[in-house]
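The following note is offered to a colleague who wishes to read this structure residue by residue. The points are numbered for ease of reply.

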Amino acid sequence: MNPIANHRPRDFFLISNKQFLLFALLSILAIISILLSLLSGSVDISVSQLLNNLFHAENNLQTQVLQEIRIPRTIAAFTTGGLLALSGVIMQVLLRNPLADPYILGISGGAAVGALSAILLGLSGLWLSNAAFFGALLSILLVFGIANKFGNWSVTRLLLTGVVVSAGWGAVINILLTTSSTNNVQSMLFWLMGDLSQSRVGLAHFGLLVLGLAGGLMLSRSLNVLIRGELVAASLGIDVRALRLILYFSASVFTATAVTIAGSVGFVGLIVPHMLRLMGARDHRLLIPCSILLGGSFLVIADSLARTIIAPQQLPVGVVTAIIGVPAFIIILRTTIRK
Amino acid sequence: MATLEIQALELQIGEKLVCRNLNLCIQENERWGLLGKNGAGKTTLLHSLLGLRPITSGHILIDGKELAKLPRMELAAKIGILFQQGLSTLPATVFETVMLGRHPHVQSLLRDNPADVAIAHKALAAFDLDALSDREIDTLSGGELQRLSLAMLVAQTPQIFLLDEPSNHLDVAFQVKLLSILEQKISEQSACLLMATHDINLAARFCDRIILLKDEGEFLIGERDEILNEENLSAAYNCPIKSLSGEGRTLFYPL
């Protein structure tokens, strides 16, 4: 067999047919998960009603449920999942650490302190989101400020700073939890586990995901090089310092946005990139779009389950991501045969 | 055309002076060896020639242009380096890794150009890695990883090759093969080469000029046969070194 023929690039941008197949399957998964999410809930909506309502709005209960509840919530879930998975990919490259996830540098901790303080003050809705975003922003700047001091911005220093700042936020979260009334603690726990029932998502959030996809694709070749090490990247023509700054701040903004929408939904940002790498998507030109698709679909499915398993009660979506994510990951880990 | 010119270079690592007032010009088709004992600053010097670490004073000129003023990509298309520490083994295949060498030349954002793919495959084949193209890099042996790093450098098609301990982990057959591949690339690409090595005999066999780093920022520089002798080497390595001649070659060995 001629190895050169084996690797001839096809007419599309991806490298091999196998990798194109992965992308195609994930696109189908995304469509199925979105349909599933739109169809599940306390009001029965059939597929034909769904299609009718999507293309010409009628003034009935189904339309109202779809337009006011299910479509926004599905978009919120997909956007959150996509942003978290994208941020996870970036953090893993930035820190060159397989255990890195979007929360490792303390962003979720800062957002949690913001959100929990807002709950304590009796704020909700937009104020709660703003408080969470402000907390995340504070944490991003704090970690960057400490790690960047003296101009020595090494991976280890950044990681240690992030972990220590996270621990600090953890202590504040515990203080808030132990000193709050039972009523508040319930909402606080939902926020901490990640919950989409209170989420509000605008076009700007989804726009950020699209922007992240475009930017990620533009940088994908550089990410392929950076993951081999900073010296290697610098010797191959990459401005490592600038690239790391871009990665740090973009991943932070994606995480902060996701956390603002849905609280700290765990697991998606850590597991989705790893699942895809195990399935052969190591090239970031493929890994980035695939991560967004799988992260988005994963959270949409998890959220559909979260609101139907023990309906009419809702589970926090973060619990469901772990319940289905853990076995799914173990199955993939065990069935992936290494060459 | 490819030249690497060093003018009045002074280089320091912390308190340690690597060299002071180093002047040299490496020209097309020249093969330079960089010798010196452990910690003498061979790696530091190589890294500074690529702008990977700051120099204390002096000038580094690539084809007559100041290093710091060259755009990074243009520089990377011209100078390539083999690092002493191998590649990090986060998951990737052999082929994906060797393709990274093409990074400075890549034109399109997402597609792989067939010409780049062909160059990458030729580089793999040169180091007998073509059969391992789809293998995960964390399953490779030390020697195979070293050959992969070398293949990546060859795929980069630089005109100035900087090599840091290229013979690490290589068996004797591959050491000889490496030298013949480098020789061929240098003549094909009108390139030049500077290799840091602890193997005096490898440098004696392959290089025509030598930089021998000594203590306190001192160094010797010149034609191979002027520099490589018992007296100079014994002083530089702080260890008695003898030579043995025969079959048109001189071998050096420690006492």
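1. S108(A) belongs to helix α5 of chain A, which covers residues 107–120. In this predicted model, S108(A) has a relative accessible area of 13%. The residue is therefore classed as buried, the cut-off being under 20%. Beyond its neighbours within four places in sequence, S108(A) contacts Y103(A), W191(A), V259(A) and S264(A).

2. W191(A), one of the contacts of S108(A), also deserves attention in the nonpolar interior. The largest nonpolar core contains 179 residues, and within this core W191(A) and L162(B) touch the most other members. A second core, separate from the largest one, has five residues, among them I45(A), L50(A), V65(A) and L66(A).

3. L162(B) merits a closer look on the chain B side. With residues up to four places away in sequence left out, L162(B) touches L4(B), L46(B), L49(B), L50(B), I79(B), G80(B), I81(B), L82(B), L153(B) and L194(B).

4. On the surface of chain A, L21(A), L25(A), I28(A) and I32(A) together form a nonpolar patch of about 390 Å². I28(A) is located in helix α2 of chain A, residues 17–39. Its relative accessible area is 46%, so I28(A) is partly exposed. That value satisfies the requirement for patch members, which is over 30% relative accessible area.

5. L213(B) lies in strand β9 of chain B, which spans residues 209–213. Is L213(B) buried or exposed? Its relative accessibility is 1%, and L213(B) therefore counts as buried. Apart from neighbours within four places in sequence, its contacts are V18(B), L34(B), L35(B), G36(B), A40(B), G41(B), K42(B), E218(B), F219(B) and A236(B). Q184(B), by comparison, is 29 residues from L213(B) in sequence, and the two C-alpha atoms are 28 Å apart in space.

6. R72(B) is part of helix α2 of chain B, residues 72–78. With a relative accessible area of 45%, R72(B) is partly exposed. Which residues does R72(B) touch, not counting those up to four places away in sequence? They are G237(A), I238(A) and D239(A). Within chain B, R72(B) and P104(B) are 32 residues apart along the chain, and their C-alpha atoms are separated by 8.7 Å.

7. Two backbone values in chain B should be checked by eye. A8(B), in strand β1 (residues 4–13), has a positive phi of about 45° although it is not a glycine. A8(B) counts as partly exposed, at 35% relative accessibility. N29(B), likewise not a glycine, has a positive phi near 70°. N29(B) sits in the loop between β2 (16–26) and β3 (31–35) of chain B, and its relative accessible area of 43% makes N29(B) partly exposed.

8. The confidence values complete the note. For the complex, the predictor gives an ipTM of 0.93 and a pTM of 0.91. Chain B has an average pLDDT of 93, and 99% of the residues score at least 70. Where pLDDT is low, the predicted coordinates should not be read in detail.

Conventions:
Residues numbered from 1 in each chain as written. Chains lettered and ligands numbered in written order. Predicted model: local features only at pLDDT ≥ 70, side-chain atom pairs only at ≥ 80, totals over all residues. Heavy atoms only, no water. Patch = residues over 30% accessible without salt bridge, like charges linked within 9 Å, V, L, I, M, F, W, Y side chains within 5 Å. Areas by Shrake-Rupley, 256 points an atom, 1.4 Å probe, with all protein chains shown as cover. Salt bridge = Lys/Arg side-chain N within 4 Å of Asp/Glu carboxyl O. Helix = DSSP H or I, 4+ residues; strand = E, 2+ residues; numbered from the N terminus. Buried < 20%, exposed > 50% of the residue type's maximum accessible area, 1.4 Å probe, protein only. Core = buried A, V, L, I, M, F, W, Y, C linked by side-chain atoms within 4.5 Å. Contact = heavy atoms within 4.5 Å. pLDDT = per-residue confidence, 0-100.
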